[in-house]
Amino acid sequence: MKLTRLLLGLFLPPVGVFLTVGVSPTLIINILLTLLGWLPGSIHALWVITKHEERLNRGEGI
């Protein structure tokens, strides 16, 4: 699932963010960044997805 979210974050940034965090302010920020251009939206989406995975991994180790 992580690979799918990363690929969607690269090609369809809002979809990747939605699958990661759901409907949230992060999704709205990503939609606005994507409207400004594909590259800012993709960078933000990949950042959100990887940071979310890091938080999950830290929580599982405790």
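A salt bridge is a side-chain nitrogen of Lys or Arg within 4 Å of a carboxyl oxygen of Asp or Glu. The model is predicted: local features need pLDDT of at least 70, side-chain atom pairs count only at pLDDT 80 or more, and totals for chains, interfaces and linings use all residues. Residues are numbered from 1 along each chain as its sequence is written, and side-chain values use heavy atoms, without hydrogens or water.

**Exercise 1.** Find how many salt bridges the structure holds, and characterise each.

*Solution.*
1. The structure holds 2 salt bridges.
2. Glu53 pairs with Arg5; their closest N and O atoms are 2.1 Å apart.
3. This pair links distant parts of the chain, 48 residues apart: Glu53 sits in helix H4, Arg5 in helix H1 (residues 2-11). Helices are DSSP runs of H or I, at least four residues, numbered from the N terminus.
4. Both Glu53 and Arg5 are buried (under 20% relative accessible area; exposed is over 50%, partly exposed in between; 1.4 Å probe, protein chains only).
5. Lys51 pairs with Glu54, with closest N and O atoms 3.5 Å apart.
6. Lys51 and Glu54 are 3 residues apart in helix H4, so about one helical turn separates them.
7. Lys51 is partly exposed at 29%. Glu54 is partly exposed at 37%.

**Exercise 2.** Determine whether Ser42 is buried or exposed, and list what Ser42 touches.

*Solution.*
1. Ser42 belongs to helix H4.
2. Its relative accessible area is 2%, so Ser42 is buried.
3. Beyond residues up to four places away in sequence, Ser42 touches Gly9, Leu10 and Pro13 (heavy atoms within 4.5 Å).
4. The Ser42 side chain reaches the backbone oxygen of Leu10 at 2.9 Å.

Key. Helices (H or I, at least four residues) and strands (E, at least two) are DSSP runs, numbered from the N terminus. A polar contact is a pair of N or O atoms within 3.5 Å; within protein, one must be able to donate a hydrogen and the other to accept it, and residues adjacent in sequence count only if both atoms are side-chain atoms.
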